[in-house]
Every structure is written in structure tokens, then in C-alpha cells.
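Okay, thanks for making the time, everyone. Let me put the structure up and then talk you through a few spots.

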Amino acid sequence: MQKVYQAICAVQQALSIEGIVKDRRNQQQGYSFRGIDDVYNALAPLLAKNSLCILPRYLSRTVSEKA
């Protein structure tokens with residue numbers, strides 16, 4: 001388990017140097033943001049380099065129908 005935490009720290013350290021630019025712009029409210037694709041594109045090579053992966057996990061699921 002210790003190696004996992006070391007790998008996470010390595011990704012965090014690399015990301016703190018490179019960062020993820022907020023280069024997208026919300027036209028209606030006028031603020032800059034970074035999209036989820038920007039985050040994944042920045043993380044993907046760092047995760048691969050450190051042999052980590054992101055696995056989704058559902059804690060609950062709600063389904064509703066709207067008429």
C-alpha cells in the first residue's frame with residue numbers, strides 16, 4: 001500500500017509543477033474554468049508513468065422518470 005501512496009504523491013508533485021490551465025471561458029457568466037477533459041488529459045500521462053489508474057465506483061444509483 002505504501003507504493004500506491006508514493007505514486008499518488010509523485011503524480012501530485014508533477015501536477016503541482018505543470019498545473020492545469022483554466023483556458024475555457026463561460027460566455028454567460030464570464031468566468032474561466034478547466035473542463036473534465038482538461039483534467040483527464042493532464043492526468044493521463046502522469047498516472048500511466050506512475051502505474052496508477054482511475055476506477056469509477058458507484059455508491060448509490062437513483063433512477064427517476066419525468067413526464
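So, which residue follows α1, and what is the sign of its phi? That's G19, and its phi is positive, near 70 degrees. Quick housekeeping: this is a predicted model, where local features need pLDDT of at least 70 and side-chain atom pairs count only at pLDDT 80 or more, while totals for chains, interfaces and linings use all residues. Numbering runs from 1 along each chain as its sequence is written, and side-chain values use heavy atoms, with hydrogens and water left out.

On confidence, pLDDT is the predictor's own score for each residue, from 0 to 100. The protein averages 92, and 100% of its residues reach 70 or more. Among its elements, strand β1 (residues 24-25) has the lowest mean, 92, and helix α2 (residues 36-49) the highest, 94. Helices here are DSSP runs of H or I with at least four residues, strands are E runs of at least two, and both are numbered from the N terminus.

Back to α1. The expected span is 1.5 Å times one less than the number of residues, so the 17 residues of α1 should cover 24 Å, and the end C-alpha atoms sit 25 Å apart, which agrees. V4 is in that helix, residues 2-18. V4 is partly exposed at 37% relative accessible area; the cut-offs are under 20% for buried, over 50% for exposed, and partly exposed in between, with a 1.4 Å probe and protein chains only.

Now the charged pair. How many salt bridges does a search of the whole structure find? Just 1, counting a side-chain nitrogen of Lys or Arg within 4 Å of a carboxyl oxygen of Asp or Glu. D38 pairs with R24, and the closest N and O atoms are 2.7 Å apart. That links distant parts of the chain, since D38 is in helix α2 and R24 in strand β1, 14 residues apart. D38 is buried at 16%, whereas R24 is partly exposed at 36%.

Also in helix α2 is V39, partly exposed at 21% relative accessibility. Leaving out residues up to four places away in sequence, V39 touches I20 and R34, where contact means heavy atoms within 4.5 Å. V39 and V21 are 18 residues apart in sequence, with their C-alphas 9.3 Å apart in space.

Last one: S51, in the segment after α2. S51 isn't a glycine, yet its phi is positive, about 55 degrees. Most residues other than glycine have a negative phi. S51 is exposed, at 67% relative accessibility.
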